[in-house]
Amino acid sequence: MDNQVLEPSLYVIKGIAILDNDGKRILAKYYDPNTLSTAKEQKVFEKNLFNKTHRANTEIIMLENMTCVYKSNVDLYFYVMGSNHENELILVSVLNCLYDSISQILRKNVEKRSLMENLDVVMLALDEICDSGIILESDPTAISYRVALRNDDIPIGEQTVAQVLQSAKEQLKWSLLK
């Protein structure tokens, strides 16, 4: 055992990945340039990670000198990776924040099809949680609020007829109440 004392660091997260039930990448971000720096290394790591975890009943695994915590739901696997000396509770809190914020964004419909349809918002949520390996936020409600698209922000050409009618009703109601 090494007797060296590890200095605390803000760089806690080595990577975050979301894989489907076949082990294929849906979304992944790796923050440490010294670890898994090429796409080929990342794919091999993700394949090994999925093979070790897709049938296991645990929530944590050590793989290639990294501590990996994970959660699965329907046809998705969520992973948060840190160094081998990282506090697992911090990694689990990031994982729970990621899962809960995605669940709120997708209105509790956490499955591959729904995630793919809202991938842009999920990517924003991922960026709100962690930036370059530094944990920024751990409150899923705050994250889902920050990344939520509002009808006012969507151009009329991209809104559905129901959304346009609802917006018109709201504007009419407020103009009558003034």
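User: Take contact to mean heavy atoms within 4.5 Å. Which helices are included in what covers the buried residues of helix H5?

Analyst: This is a predicted model. Helix H5 runs over residues 140-147 and has buried residues. What covers those residues includes two helices, spanning 88-105 and 119-129. They are H2 and H4.

User: Which residues of H5 are buried, and what arc do they cover around the axis?

Analyst: The buried residues of H5 are Pro140, Ile143, Ser144 and Val147. They lie on the same side of H5, because the arc they cover around the axis is only 95 degrees.

User: How many aromatic pairs are there?

Analyst: Rings of Phe, Tyr and Trp pair if their centres lie within 6.5 Å. By this rule the count is four.

User: Is the pair of Tyr70 and Tyr79 stacked, edge-to-face or tilted?

Analyst: The ring centres of Tyr70 and Tyr79 are 5.8 Å apart, with 35 degrees between the planes. Stacked needs planes under 30 degrees apart, and edge-to-face needs over 60. An angle of 35 degrees fits neither, so the pair is tilted.

User: And how is the pair of Tyr77 and Tyr79 classed?

Analyst: Here the centres are 6.5 Å apart, and the planes of Tyr77 and Tyr79 make 15 degrees. The cut-off for stacking is under 30 degrees. The pair is therefore stacked.

User: Are Tyr70 and Tyr79 buried or exposed?

Analyst: A residue counts as buried under 20% relative accessible area. Tyr70 has 7%. Tyr79 has 0%. Because each value is under the cut-off, Tyr70 and Tyr79 are buried.

User: Which residue forms one aromatic cluster with Tyr70, Tyr77 and Tyr79?

Analyst: Tyr79 pairs with Tyr70. Tyr79 also pairs with Tyr77. The cluster has one further member, Phe50.

User: How many residues of strand E5 are buried?

Analyst: Strand E5 covers residues 76-83 and is mostly covered. Both Tyr77 and Tyr79 are buried. For the strand, the count is eight of eight.

User: Which strands pair with E5, and in what sense?

Analyst: Strand E1, residues 13-20, pairs with E5 over seven bridges. There, Gly15 stands opposite Met81. Strand E4, residues 66-73, pairs with E5 over eight bridges. So the strands are E1 and E4, and the sense is antiparallel.

User: Which residue in E5 is the bridge partner of Tyr70?

Analyst: E4 and E5 pair in the antiparallel sense. Tyr70 also forms a tilted aromatic pair with its bridge partner. That partner is Tyr79.

User: Which residue in the hairpin of E4 and E5 takes a positive phi?

Analyst: The hairpin has two residues between the strands. The phi in question is near 45 degrees, and the residue is Val74.

Key. Residues are numbered from 1 along each chain as its sequence is written. This is a predicted model: local features need pLDDT of at least 70, side-chain atom pairs count only at pLDDT 80 or more; totals for chains, interfaces and linings use all residues. Side-chain values use heavy atoms; hydrogens and water are left out. Buried means under 20% relative accessible area, exposed over 50%, partly exposed in between (1.4 Å probe, protein chains only). Helices (H or I, at least four residues) and strands (E, at least two) are DSSP runs, numbered from the N terminus. The arc is that of the directions from the helix axis to the C-beta atoms. Rings of Phe, Tyr and Trp (its six-membered ring) pair if their centres lie within 6.5 Å; planes under 30 degrees apart count as stacked, over 60 as edge-to-face and the rest as tilted.
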